[in-house]
Amino acid sequence: MKILKFGGTSVGSAQRIKDVARLICDGQQKIVVLSAMSGTTNTLVEISDYLYKKNPDGATEVTNRLEHKYIGIVKELYASADYRQQAKQIIRQRFDYIRTFMKDLFTLFEEKEILAQGELLSTNMMHLYLLEQGVNTALLPALEFMRTDKNAEPDTAYIKTHLDKLLQTNKDAEIYITQGFICRNAYGEVDNLLRGGSDYTASLIGAAVKAEEIQIWTDIDGMHNNDPRFVEKTSPVRRLHFDEAAELAYFGAKILHPTCILPAKLANIPVRLLNTMQPEAAGTTISNETERGKIKAVAAKDNITSIKIKSGRMLLATGFMRKVFEIFENNKTPIDMVTTSEVGVSVTIDNCKYLEEIINELKKYGTVTVDKDLVIVCVVGDLEWDNVGFEAKIIYALKDIPVRMISYGGSNYNVSLLIKAADKKRALQALSEKLFLEN
């Protein structure tokens with residue numbers, strides 16, 4: 001069985017829903033994971049924001065506007081009056097439920113209930129449309145099988161057991177429709193998966209049913225070898241190792257969240273990134289196979305801050321590095337890059353929420369220097385240390401650009417370089433020319 005996930009843009013209008021329906025109805029049994037229609041989640045966040053601010057009138061106005069939009073989609077989507085009426089009834093129920101939160105105390109728990117309505121709407125509308133087309137389809141409520149444990153991590157045993165029961169109950173269906181992103185937590189409350197959202201749902205379902213393939217359909221034709229917003233003549237990367245994809249996602253490639261495909265990696269299930277607007281395009285296949293001897297892609301992570309601690313007296317002392325890292329851990333701030341020398345250690349972070357507290361504590365151990373407005377440029381591929389010349393090629397491409405830090409060796413798939421934000425576009429273009437466009 002295959003798992004197909006469609007993002008918000010892919011189901012963002014009546015016509016797009018029809019296009020997806022045609023694409024998934026090929027006679028093969030599959031599970032289809034849907035996000036909320038594009039723009040819906042942002043609007044639900046806006047409604048929640050009004051309720052946090054104790055402005056029910058503002059929340060009601062936005063709610064009414066969003067409901068009106070959905071009623072308009074119903075008129076375009078369904079051919080028969082009966083299915084239009086069924087869809088309108090579902091929409092009324094969902095929005096009436098949202099309105100029940102406009103009278104009482106509003107907290108994070110109520111917000112998560114509201115945010116879940118987008119996926120519940122999109123899946124019910126697709127399910128009804130498929131029924132109208134005569135497709136044997138079943139709706140699998142994610143809130144009945146997708147659950148996290150007390151550590152907010154997916155409860156894989158629970159997911160498998162309860163999903164199997166639902167599939168057995170509807171074993172003759174051709175198309176199974178379910179919600180991405182949403183789940184229940186260990187206490188039975190409506191929650192969400194956060195990291196990767198619907199992609200994470202698809203990966204977890206794929207692992208649970210031992211799928212032959214997981215397909216993630218978006219509005220671009222796979223993961224590109226550079227950022228097309230800054231660089232011309234980029235092209236899709238046809239094959240990636242899971243670790244290469246994770247590095248690219250972590251360092252700026254927005255098509256994937258870095259952890260969302262981990263269940264697929266562990267279960268050895270290939271993931272394909274495909275384009276709903278160009279379904280014939282090959283896209284990108286991610287698997288546990290490494291394409292030897294190739295540099296695959298470049299990504300960039302913005303809003304980076306560098307912190308250098310210089311301390312000739314302390315650096316070689318036992319426990320110094322532990323003390324430095326504990327400061328970041330205690331302030332809940334992850335580190336991206338680390339370099340060391342005999343007299344100093346430099347690290348980078350992308351979250352400055354606790355920067356002042358971190359600096360104050362680091363000053364106990366040495367002189368602290370902070371640089372802001374930086375970017376990490378990440379070059380990904382088969383970068384085993386015995387692939388002679390790859391690192392030199394990367395450095396030569398940036399020969400005219402100042403480099404603040406270089407990190408290599410922590411992974412066999414990644415060389416990371418820290419540069420000024422002002423040099424980002426020039427660096428990405430230079431790397432593309434040297435690594436991908438030269439013959």
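1. Contact here means heavy atoms within 4.5 Å, and in that sense A14, I17 and K18 of helix α1 meet I73, E76 and L77 of helix α3 in this predicted model. By class, the contact of α1 with α3 has four nonpolar, two charged and no polar residues. The two helices span residues 14-24 and 56-77 respectively, and their axes come within 9 Å and cross at roughly 50 degrees. That crossing angle makes α1 oblique to α3.

2. A second helix pair, α7 (residues 156-169) with α8, packs at an angle of about 75 degrees, the axes being 9 Å apart. Because angles from 65 to 115 degrees count as roughly perpendicular, this value makes α7 roughly perpendicular to α8. On the α7 side the residues concerned are I159, K160, L163 and L167, and they meet L204, I205, A208 and V209 in α8. The contact of α7 with α8 divides by class into seven nonpolar residues, one charged and no polar.

3. Towards the end of the numbered helices listed here, α13 (residues 390-397) and α14 (residues 424-437) pack with their axes 8 Å apart and at an angle of about 140 degrees. Since only angles over 145 degrees count as roughly antiparallel, α13 and α14 are oblique to each other. The crossing in which α13 passes α14 is right-handed. From α13, the residues K393, I394, Y396 and A397 meet A430, L431, K434 and L435 in α14. By class, this contact of α13 with α14 has six nonpolar and two charged residues, and no polar ones.

4. Turning to the interior, the largest nonpolar core holds 58 residues, and the members that touch the most others are F145, M146, L256, V271 and I286. Helix α8 (residues 198-209) supplies the largest share of this core, namely five residues. Apart from this core lies another, of 45 residues, which includes V32, I47, V74 and Y83.

5. What does L256 touch, leaving aside its neighbours within four places in sequence? The contacts of L256 are D199, I216, M223, A245, A249, I261, L273 and I286. Of these partners, A245 and A249 are also listed among the buried residues of helix α9 (residues 242-250), together with F242, E244, E247 and L248. The two charged names in that list, E244 and E247, may merit a look when the model is inspected, as both are counted as buried. Helix α9 is followed by G252, whose phi is positive, near 125 degrees.

6. Two residues deserve attention for their backbone angles. Most residues other than glycine have a negative phi. F181, although not a glycine, has a positive phi of about 75 degrees, and K233, likewise not a glycine, has a positive phi of about 60 degrees. F181 lies in the loop between β4 (175-179) and β5 (182-184), whereas K233 is placed in the loop between β7 (213-218) and β8 (239-241). Are these residues buried or exposed? F181 is buried, with a relative accessible area of 16%, while K233 is exposed, with a relative accessible area of 69%.

7. Residue D155 sits in the loop between β3 (137-140) and α7. With a relative accessible area of 17%, D155 is buried, because the cut-off for that term is under 20%. Not counting residues up to four places away in sequence, D155 touches R147, T148 and D149. Between D155 and E113, which are 42 residues apart in sequence, the C-alpha to C-alpha distance is 20 Å.

8. By way of contrast, A79, in the loop between α3 and α4 (81-99), is exposed, with a relative accessible area of 67%. Apart from neighbours within four places in sequence, A79 is in contact with R84 and E132. The C-alpha atoms of A79 and D191 are separated by 35 Å, the two residues being 112 residues apart along the chain.

Note on methods: Residues numbered from 1 in each chain as written. Predicted model: local features only at pLDDT ≥ 70, side-chain atom pairs only at ≥ 80, totals over all residues. Heavy atoms only, no water. Axes fitted to C-alpha atoms, helices over the stretch in contact; angles between N-to-C directions. Helix = DSSP H or I, 4+ residues; strand = E, 2+ residues; numbered from the N terminus. Parallel < 35°, antiparallel > 145°, perpendicular 65-115°, else oblique. Nonpolar A, V, L, I, M, F, W, Y, C, P; charged D, E, K, R; others polar. Core = buried A, V, L, I, M, F, W, Y, C linked by side-chain atoms within 4.5 Å. Buried < 20%, exposed > 50% of the residue type's maximum accessible area, 1.4 Å probe, protein only. Left-handed = near helix turned anticlockwise from the far one by under 90°.
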